[in-house]
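Reader: I have a model open and would like to understand the words used to describe it. Could you take me through the reasoning behind them?

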Amino acid sequence: MKSSCKIFLVFSITALIFIGFGCQRTPGSQVEKEAQTPQRPNIIFIMADDHAEKAISAYGHDLIQTPNIDRIAKEGILFKNSFVTNSICAPSRATLLTGKFSHVNGKRDNLDRFNGDQITFPKLLQDAGYQTAVIGKWHLKSVPQGFDEWKILVGQGDYYQPEFVQNGDTSTVEGYVTEVITDFVLEYLTGREQDRPFCLLYHHKAPHRGWMPNTQDLDMFNDEDIPLPPSFYDEYNDRPAAREAEMKIADMFLSSDMKLMPGYYDVENGKGGNDQFDAEASWQEQYSRMTGQQRQEWDKHYLPINEAFKKANLSGKALAEWKFQRYMKDYLRCIKSVDDNVGRVLDYLDQSGLAENTIVVYTSDQGFYLGEHGWYDKRFMYEESLRTPLVMRYPQEIPAGTVSSDLVQNLDYASTFLDFAGVRPPGDMQGRSLRPLMGNTDIADWRDAIYYHYYEYPRGWHKVKRHYGMRTERYKLIHFYNDIDHWELYDLQNDPNEMNNLYDHVEYRQVQEELHLKLDTLRSTYGDTDPAATL
Ligand code: CA
């Protein structure tokens, strides 16, 4: 057993005794008391929506500087290989709460309603004496359970003048959503009970589609060109599911995605795999939410763009690349506000003396395409949306500057938080605590492959076919099913952009056989073996 595991066991037993028998103080000075009575850590779980790893500078990319998110990584741990189990918003949230795959927790796609009667980690922390709260995006359709306080956005939420539900009442709050959520978080932190640990889920709407930046950030990137990714003009050879998906930047809506106003373009010819969506009506609704002052600042930036677009009369590749620039700049501007507001919370933790004993996590509900394969959005098991950023800080236990390359998933968060709180995770949770990985030690029996399953087809958006698969450190095997029966195999070492499907290539036959065996084992281990679910 590694030393970090021993430390954990001692801590857990001590913590359980402390929880079970209340405040049994030992004699001696205050310093001795604190040394002998481990405090359970507070937890602030920050999650953005659709924040790609490539849009965080701590991950070694220079699309945008994110100094505050980077600070969490520098003062704690950065997970280089962090993945989701099902790359779409609401199922990801159900998985993180329950520690279970979608086929077990029942939340397979965005249209399902989450069964909130299930055991979740906030409920278990609440039972163990934690104050629990969720503030921001929830998106699970059912009422939050397991939280002493909750203040959640209605549905996906709006960027300007967002509506919140609190204890059954809905109210509109003036301001920009990322700042408003953070204001509520700071209010919660200052008003909470001081003598009990807390677990706060601080969940942003940004940078979800709609990509409406805060007016103060509109001029970032004005004079820059964002480089096109090498796979932008992918032709999807040997990848029929990729070819049939409707999530190309070239097809983005001129109104709701590009923010063009009526009269500045001829006809709305965008598409996104949802024939029911009225892009122009949606954009008018979002635009009309702004106050007069906000609209004035908005128009000052966007009306010259509208004018220039009308004059340029773009088509073909020039139009696709213009859309790429517009998309990327608004997406990154939304992230600027998220990073600034994460900084406000980190500052508060410093000023209030909470930083040392608070676990701060930053992650996203999944990754996102930033032009790779010509796409925006997520869903596919390809790297950009399978990956999700994950950084954590806990000065009392995690050495600053730790980097983990172990294969971890959002499946693991519930067990991790329970572990830190000294609560034994229920046996049917399918993830593992990440805590043993945080001390720069190699854990011999850590997983060597992750499992994935996506379901939202044919209903929903973007026409991404159902698929499941597994990824090892080097290889990936995917099976697309439902109205197709198609396998893909990638060698990520030689083909990190996943352009070459090697399935049934003779030189990979041995690898393919081994991956199939491994996939069967994973499906059996996680109980995803219902043949009806993969027809
Ligand atoms: Ca999302």
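Author: Happily; what follows is a set of questions about a predicted model, each answered by setting a value against its cut-off.

Reader: Let's start with helix packing. Why is α9 called oblique to α10?

Author: The axes of α9 (residues 279-288) and α10 (residues 292-312) cross at roughly 125 degrees and come within 10 Å. An angle over 145 would be roughly antiparallel, and 65 to 115 would be roughly perpendicular. The angle of roughly 125 degrees fits neither range, so α9 is oblique to α10.

Reader: Which residues make that contact, and how do they divide by class?

Author: On the α9 side they are W283, Y287 and S288, and on the α10 side R295, W298 and D299. By class, three are nonpolar, one is polar and two are charged.

Reader: And what makes α10 roughly antiparallel to α11?

Author: Here the angle is about 175 degrees, with the axes of α10 and α11 (residues 316-352) 13 Å apart. The cut-off for roughly antiparallel is over 145, so α10 and α11 earn that name. From α10, the residues H301, Y302, I305 and F309 meet L319, W322, R326, D330 and R333 of α11. That contact has five nonpolar, one polar and three charged residues.

Reader: Now the rings. How do you know that W211 and Y376 form an edge-to-face pair?

Author: It takes two checks. Their centres are 6.1 Å apart, and a pair needs centres within 6.5 Å. Their planes stand at 90 degrees, while edge-to-face needs over 60, so the pair is edge-to-face. It belongs to a count of 38 aromatic pairs.

Reader: What makes this a link between distant parts of the chain?

Author: W211 is in the loop between β8 (198-203) and α8 (240-244), while Y376 is in the loop between β9 (358-364) and α12 (383-386). The two are 165 residues apart. Both W211 and Y376 are buried.

Reader: Which residues form an aromatic cluster, and where does a charge sit over a ring?

Author: The cluster consists of Y159, Y160, Y176, W283, Y287, W298 and Y302. The charged end of K205 lies 4.9 Å from the centre of the Y159 ring and sits over it; the distance limit is 6 Å. Likewise, R523 lies over the face of Y468, at 3.9 Å from the ring centre.

Reader: Why is α4 described as largely enclosed?

Author: Ten of the ten residues of α4 (residues 89-98) are buried, so the rest of the structure largely encloses this helix. Those residues pack against β1 (42-48), α5 (102-105), α6 (121-127), β8 and α13 (413-420). After α4 comes G99, with a positive phi near 70 degrees.

Reader: Why does N482 count as partly exposed, and what does I135 count as?

Author: Buried means under 20% and exposed means over 50%. N482 has 33% relative accessibility, so N482 is partly exposed. N482 lies in the loop between β15 (475-480) and β16 (486-491). I135, at 6%, counts as buried.

Reader: Where is I135, and what surrounds it?

Author: I135 is in strand β4 (residues 131-136). Leaving aside neighbours within four places in sequence, I135 contacts K151, I181, F184, V185, Y188, L200, L201, Y202 and H203.

Terms used: Residues are numbered from 1 along each chain as its sequence is written. This is a predicted model: local features need pLDDT of at least 70, side-chain atom pairs count only at pLDDT 80 or more; totals for chains, interfaces and linings use all residues. Side-chain values use heavy atoms; hydrogens and water are left out. Axes are lines fitted to C-alpha atoms, for helices over the stretch in contact, and angles run from 0 to 180 degrees between N-to-C directions. Helices (H or I, at least four residues) and strands (E, at least two) are DSSP runs, numbered from the N terminus. Angles under 35 degrees count as roughly parallel, over 145 as roughly antiparallel, 65 to 115 as roughly perpendicular and the rest as oblique. Contact means heavy atoms within 4.5 Å. Ala, Val, Leu, Ile, Met, Phe, Trp, Tyr, Cys and Pro count as nonpolar, Asp, Glu, Lys and Arg as charged, and the others, Gly among them, as polar. Rings of Phe, Tyr and Trp (its six-membered ring) pair if their centres lie within 6.5 Å; planes under 30 degrees apart count as stacked, over 60 as edge-to-face and the rest as tilted. Buried means under 20% relative accessible area, exposed over 50%, partly exposed in between (1.4 Å probe, protein chains only). A charge sits over a ring if NZ of Lys or CZ of Arg is within 6 Å of the ring centre and within 35 degrees of the ring normal.
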